[in-house]
Each structure stands twice: as C-alpha cells, then as structure tokens.
Amino acid sequence: MIHVEHLTKHYGERVLFEDVSWHVKKRDRIGLSGPNGSGKTTLLRMLAGMEEPDSGSIRMASDTTIGYLPQDGIVHHGRTVYDEVVLAFQELLALKEEQHRIEDALAGASHDDGEDHDERLERYAEVTDRFKHLGGYEIDARVADVLKGLGFSLADQARRTEEFSGGWQMRIALAKLLLARPNLLLMDEPTNHLDLPARNWLEEYLEDYPGSVVLVSHDRYFLDATVKRITEVGLKTLTDYHGNYSKYVVEHTAAMQRLREAYRRQKEEIDKASAFINKFRYQATKARQVQSRIKALDKVEVIEIPPERKKIHFHFPDAPKPGRVVIELKGLRRAYGDNVVIDGLDLIIEKGDRVALVGPNGAGKSTLMRTLASVDHPDGGLRLTGHNVVIDYFAQDQAAVLGATRTVYEEMTSASSTTMVPRIRTILGGFLFSGDDVYKKVGVLSGGERNRLALAKMLLNASNVLILDEPTNHLDLDSKEVLLEALEDYGGTLIFVSHDRYFVDKLATKVIEVGGGRTLVYPGGYEDFVYWKKQQEAGVPVAMPTAAAPAPHVRKDTPKAAPPPGAFRSAGPPPVPAPSAAKKEKAKPSAHGNPGGNGQAGYDPLAPRLRPPNAADRQSREREVRKLKARIAELERRVAEKEQAVRDVEQRMASPGFYDDRARAEEAVAGRQRLLDEVAALTSEWESVQADFEGKGLAV
C-alpha cells in the first residue's frame with residue numbers, strides 16, 4: 001500500500017531519519033514506539049502528506065485514501081454534531097444532492113421533453129444504484145453507532161459543536177475519521193480523550209476495520225489489543241518487531257542487550273587498534289602494521305546505541321497507620337443545579353484497599369473523588385473520616401493549578417515544610433528535573449513535565465490515603481511504568497481514576513463502577529471487572545457484586561454482623577484505639593532529684609511504704625489485664641493471618657485467565673467470603689476484649 005524509500009528528514013542539525021526504507025501493507029496494524037521527540041508524529045505527518053521529507057520518497061497506490069487524527073488542536077463550530085460528522089460522507093452527500101436535483105427536474109418537466117427526460121431517468125437510476133451500493137441508506141445508522149460508541153447521547157447529536165470541550169472536539173474529529181473509512185488510518189494518541197467504555201468500543205471497531213492502521217499511543221493495553229506490529233522510531237531509523245506491545249518489550253530489551261554487548265566489544269577492538277597506532281606511529285619497523293590498522297579503522301561502521309532512557313525513581317514517604325475504615329459515605333447526594341450526579345450513595349473505603357473507579361465520562365467519578373478528598377462538600381448525607389487518616393489528593397487538573405510564574409524549585413518550596421526543604425533537590429532529581437531545569441518557569445513546561453512536577457509535590461507530605469484522579473495524563477509509557485511500580489509499593493490506601501486499562505489492571509484489587517448515583521464493587525483488576533460484566537450481560541447465574549453499603553453500627557457488647565454475601569468488602573485490621581486520657585502519668589523526678597519521687601511538696605522518700613487497700617483485688621485485676629492483653633495480641637495476629645489469606649486469594653483471582661475455569665472462580669469467591677466472615681468474627685471479639693481491657697486497665 002505504502003512504500004517509504006531512502007527517506008531522510010532533518011530539523012536543523014538534528015537528524016530524525018536517515019536513508020530509511022519501510023512499508024505498510026494492506027490491513028496492517030502498526031503501533032509506533034519511541035521516546036518523546038524521536039519523530040513519531042513527524043512520520044505520521046509525512047505519511048499524511050502534511051510534511052515533506054528532505055530526500056527520498058513515499059509512494060502509494062493510486063486508490064489510497066488517507067485519514068489523519070492529530071493529538072489535539074481541532075475545533076469545530078457552526079454546525080450540530082450530527083451535521084458535522086455526516087460531512088465524512090462527501091461522495092454520498094453529493095449523490096444525494098444530485099438525486100434531489102433530478103427529482104425536482106423530473107417533477108417540473110413534461111413528457112414532451114423527450115430525450116432530456118430519458119437521460120434524466122437514466123442518470124437518476126445510475127445515481128440511485130451508486131448511492132445504494134456505497135451504503136447511502138445506512139448513513140444514519142452508521143453515524144448513530146459511531147457517536148454512541150464514542151460516548152455521545154442522542155441529545156448530543158443535536159447540540160452545537162462549539163458547546164463541547166477540547167476533549168469532546170477530538171471525539172467529533174475521530175468520529176468523522178472513522179465514518180470516512182480511509183484506506184490508511186493515521187492516529188496520533190487517539191485514546192487521550194476517551195474514557196474506558198469508549199476505548200473498549202474503539203478497540204472492537206479497529207479489529208474489524210477494513211483498511212490499514214498506523215497509530216501512536218501511550219496506552220499499553222490498547223496497543224496490545226489493536227496492533228500486530230510495533231515499529232520502533234529511533235537511532236535515525238525504523239525497526240520492526242512483529243507482535244503486540246508486550247512482546248515488543250521483551251524482544252526490544254533482548255535486542256538492546258545484544259546491541260550494547262556488540263558496542264562494548266567493538267569499542268574494545270577500536271581502543272586496542274588506536275593504542276597500537278599511537279604507540280608505534282613513528283617506528284619504521286611497525287609502519288606497515290600501523291597503516292593496516294588505520295585502514296581497518298576507516299572501514300569500521302561504528303555501532304550507535306541509544307542513550308539510556310531516564311526513569312523516575314521514587315517512593316512515597318511513610319505515614320501513620322489509620323484505623324480499619326478510612327472513609328465512609330452515608331446517603332451522599334451531590335448535584336449541580338438540576339443535574340443530580342450522586343444520589344443516596346453509601347460507600348466504605350477500608351485500610352489497604354486499592355480501588356479503581358470506572359464509568360463513562362459524566363458518571364460522577366471526579367465528583368466522587370473530590371467528595372472523598374473533602375474538596376467538595378455533599379449537598380446531603382455524611383462523609384466520615386476514620387481514625388488517624390491523612391489524605392493526599394491529586395486532581396485531574398492538578399498540573400493546571402501550578403503557579404505558572406514560579407520556577408520549578410519555588411513551586412516545590414511553596415508547598416514544603418521546613419524539614420523537607422533539604423530533600424527538594426533530591427525529589428526533583430528523581431522526577432527528571434536536574435541542573436538548571438529546577439529554575440525553569442512552570443509556565444514553559446510541557447504537559448508531561450507539569451504532571452511530573454505535580455506528582456513530585458505529593459512526596460513533600462506523608463499520607464496514608466492517596467486519591468488520584470487521572471495521574472497518568474501526559475506521561476509516556478516509561479514514566480507510567482515507574483509510577484505504577486511506586487504505587488504498587490505504597491503501603492497505604494489507594495483510590496484512583498485512570499483510563500489506562502493496563503494501569504488499572506496491574507494496580508487495583510477491587511473496581512468500583514460509578515453510575516446512576518450508585519456504586520457496584522467488583523473484586524480484582526480490570527480484566528476481572530470485564531469478566532463480571534460479561535457474565536452479567538450473558539445472564540450467567542454467578543455470585544454478582546452488590547451495591548456498596550456502609551457497615552452496620554455495632555455496639556461493643558453485641559456481636560458484629562458479617563458482611564452480606566457478594567458484597568466483596570475486604571476487611572482490614574482492627575482499629576487501634578487512641579490511648580486513654582485517664583492513663584496514669586509516669587512518676588516524675590522530685591525536686592530533690594530522687595528518681596522515685598513524685599515532685600510534690602513534703603514528700604519523704606524514707607517514709608515507710610504502705611500497701612494500698614484491697615491489694616489482693618488489685619493484683620487479681622492486674623492478672624486479668626495481662627491475660628486480656630495477651631488475648632488481644634493473639635487476636636491481632638490471627639486477624640493479620642486471615643487478612644493475608646484474603647490478599648493471597650485476591651491476588652490469585654487477579655491473575656490472567658483465572659476466570660477461564662468457572663468452577664475454580666466460584667470456589668475462590670466462596671473461599672474469600674468465608675475468610676471475610678472469619679475476619680469479621682475475630683474483629684468483633686477483638687473489640688469486645690479491647691473494651692474489657694480498657695475498663696480493667698483504668699481500674700488498676
């Protein structure tokens with residue numbers, strides 16, 4: 001379909017491509033990979049005819065049609081959404097217009113026109129056949145299907161395009177591109193502005209797409225699902241790897257190891273030859289050998305290796321341990337005027353949860369995140385925070401609220417405590433801001449750099465609950481991987497929204513679906529969520545998740561009810577009570593320096609010690625307290641063991657292909673529920689023993 005031959009492209013002194021040959025065949029599915037600035041977008045623009053190579057050629061078949069979707073910058077106005085996207089059918093619209101003209105002409109003509117009348121009828125038949133053959137009668141159905149898949153409602157089709165934000169403008173452009181069905185589809189980050197349902201739909205659409213597709217994406221899951229070949233852009237050339245992105249990562253790593261080893265061996269040989277030449281250059285007896293080595297060096301094609309890609313290396317600071325329930329919502333309501341986003345929502349987030357919120361745009365995910373972070377206040381209901389909870393919130397537009405006039409370093413110090421100031425340069429270095437980069441104005445940073453800076457600010461204060469709304473926006477695949485590793489090692493509770501399915505699947509231990517003012521909780525990662533949804537749609541009778549509900553209020557003298565079957569609530573360790581204010585103070589040194597004195601006037605350390613009244617009763621209570629303390633420690637140990645068993649089961653459930661065996665999956669779900677019931681019973685006993693311990697401890 002397309003042949004790139006001996007292509008060369010420079011930007012000033014920088015060489016992007018040099019004497020490159022490459023091809024795209026029919027129905028190819030190609031993903032372009034490479035670091036930012038390597039030339040991926042430039043290659044797409046040259047294939048689309050929007051840029052010219054400095055030398056070489058790009059040849060294609062005469063019937064090739066090309067459609068190009070840029071990263072951003074497209075704005076539509078002056079039409080409704082439907083009228084805008086239907087422009088994709090230029091030939092069909094022209095045929096339809098000609099049909100109407102012929103119909104009007106025929107309606108106003110008389111039978112006496114003779115030959116003209118017959119010509120019009122013949123042309124009308126040709127136009128009608130062509131219109132039908134090209135699918136003219138399916139225009140409305142195709143438009144409705146694509147717009148629905150990309151998240152537009154029926155009401156949206158009648159709205160003016162200028163009413164939509166930049167992200168939705170790009171969806172309109174994508175809809176026009178897909179409806180036009182060019183032979184070659186070129187897309188630069190098509191998933192940037194799509195939510196999870198729209199990304200899933202686009203994957204399925206591209207699977208059956210009749211033309212070839214070349215795309216750039218930082219969504220690893222999307223690449224794995226859509227492409228069959230990865231073309232690496234770098235080292236002034238294009239290198240093909242057959243397979244999806246995951247296979248490419250393995251093969252690329254092995255290829256780089258081989259290349260670096262070959263480079264090392266070649267450098268050793270060059271260094272040896274150069275040393276020999278320098279040592280014997282002026283000795284007549286070695287002249288022939290010296291000349292031989294000089295000629296050999298001139299013929300050597302020096303191996304080039306790419307520079308090591310910098311990575312972000314960081315870990316979140318330690319924070320105090322919270323109680324079992326960190327955040328609880330009861331009957332929450334949130335509305336914007338007449339638009340009720342959340343209504344009567346009950347939800348519990350427990351210690352150690354790693355929760356991904358999913359749902360279409362507009363379902364209320366960001367609103368719920370802001371409410372959980374206490375940035376927004378509910379219109380009704382309660383938001384309760386657990387014991388010792390410290391929250392850090394990363395908003396979807398966090399990078400946009402940075403001080404544009406400050407330098408990178410000033411932005412960090414503005415949010416830092418005095419004790420953290422010495423560590424600021426270290427943290428910034430971990431986020432690739434080194435040397436003079438720290439003195440750049442925030443306003444001149446790229447989207448990815450601003451996002452990295454916003455993430456760096458999160459390390460200035462310790463927290464045990466992270467609430468992250470789209471933290472991976474504008475991050476490349478390498479940066480996403482390092483952020484993922486850091487979050488996997490994070491010891492606190494994590495609540496996040498991400499449209500990167502690979503990120504969700506690797507990180508989440510439960511998925512909460514948001515929509516219609518309620519939530520449904522699903523165990524495992526994104527693939528498990530998809531499994532449960534498919535089972536639901538297929539009507540398979542399995543233990544389905546139920547709406548998340550608050551735990552019932554439990555008095556310390558009554559048994560605690562176990563969670564309802566199918567609720568999939570992961571129990572955490574029992575809360576650690578704050579020390580009682582009535583605890584006795586330790587004895588203070590006396591005014592005379594006696595270690596056993598109490599500091600009170602008139603105290604005589606030589607006075608005889610009198611046993612307090614009821615000493616036998618007190619000793620008995622002390623023995624009971626020691627037994628209770630030992631029982632508490634035993635219960636805490638058993639709760640920790642059961643919780644670990646729950647996590648082990650959840651880890652197995654999150655493994656790829658686990659749900660292929662339905663019997664094993666249902667057995668695991670049932671076993672997990674039994675473990676949760678045991679945790680609930682042990683926790684109830686712990687609360688009862690703890691209450692008894694506090695009462696007797698105060699009396700001793």
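Is Tyr-526 buried or exposed? In this predicted model, Tyr-526 has a relative accessible area of 2%, and with the limit for burial set at under 20%, the residue counts as buried. Its ring doesn't sit alone, either: Tyr-526 pairs with Tyr-221 in an edge-to-face arrangement, 6.0 Å centre to centre and with 90° between the planes. That pair ties together distant parts of the chain, since Tyr-221 belongs to helix α8 (residues 220-226) and Tyr-526 to helix α17 (residues 526-538), 305 residues apart. Tyr-522 and Phe-529 join these two tyrosines in one aromatic cluster.

Stepping back to the whole chain, there are 19 helices and 18 strands. Of the 700 residues, 44% count as buried. The exposed surface comes to about 36700 Å², with carbon and sulfur atoms supplying 50% of it. Long-range contacts carry a good share of the fold: among contacts with a separation of 6 or more, 69% are between residues 24 or more positions apart.

Helix α6 is worth a closer look. It runs over residues 166-180, and its 15 residues reach 21 Å from the first C-alpha to the last, close to the 21 Å expected at 1.5 Å a residue. The helix is mostly covered, with 11 of the 15 residues buried. Among them are Gly-167, Gln-169 and Arg-171, along with a run of nonpolar residues that includes Ile-172, Ala-173, Leu-174 and Ala-175. The cover over the buried part of α6 comes from several elements, including strands β5 (66-69) and β6 (184-188) and helices α2 (81-85), α5 (139-149) and α7 (196-207). Just past the end of α6, Arg-181 takes a positive phi of about 50°.

The start of α6 also brings in some ring contacts. The structure holds 15 aromatic pairs. One of these joins Phe-164 and Trp-168, whose ring centres are 6.4 Å apart; the planes meet at 45°, so the pair is tilted. Phe-164 has 10% relative accessibility and therefore counts as buried. Trp-168 has a second partner in Arg-171, whose charged end sits over the Trp-168 ring, 4.1 Å from its centre. Another case of a charge over a ring involves Arg-452 and Phe-433, at 5.4 Å from the ring centre.

Phe-433 leads on to the nonpolar interior. In soluble globular proteins, nonpolar side chains tend to be buried together. Here, the largest nonpolar core has 55 residues, and Leu-453, Leu-487 and Phe-496 touch the most other members. Helix α19 (residues 662-699) gives the most to this core, contributing five residues. Apart from its neighbours within four places in sequence, Leu-453 is in contact with Leu-402, Val-408, Glu-411, Met-412, Leu-428, Phe-433, Val-442 and Leu-445. A second, separate core has 47 residues, including Ala-88, Val-146, Leu-147 and Leu-202.

Not every residue of α19 is tucked away. Ala-681 is found in this helix, and at 47% relative accessibility it counts as partly exposed, because that class lies between 20% and 50%. The C-alpha atoms of Ala-681 and Val-639 are separated by 9.5 Å, although the two residues are 42 residues apart along the chain.

Methods
Residues numbered from 1 in each chain as written. Predicted model: local features only at pLDDT ≥ 70, side-chain atom pairs only at ≥ 80, totals over all residues. Heavy atoms only, no water. Helix = DSSP H or I, 4+ residues; strand = E, 2+ residues; numbered from the N terminus. Buried < 20%, exposed > 50% of the residue type's maximum accessible area, 1.4 Å probe, protein only. Contact = heavy atoms within 4.5 Å. Areas by Shrake-Rupley, 256 points an atom, 1.4 Å probe, with all protein chains shown as cover. Expected span 1.5 Å × (residues − 1). Phe/Tyr/Trp six-rings, centres within 6.5 Å; stacked < 30°, edge-to-face > 60°. Lys NZ or Arg CZ within 6 Å of the ring centre and 35° of its normal. Core = buried A, V, L, I, M, F, W, Y, C linked by side-chain atoms within 4.5 Å.
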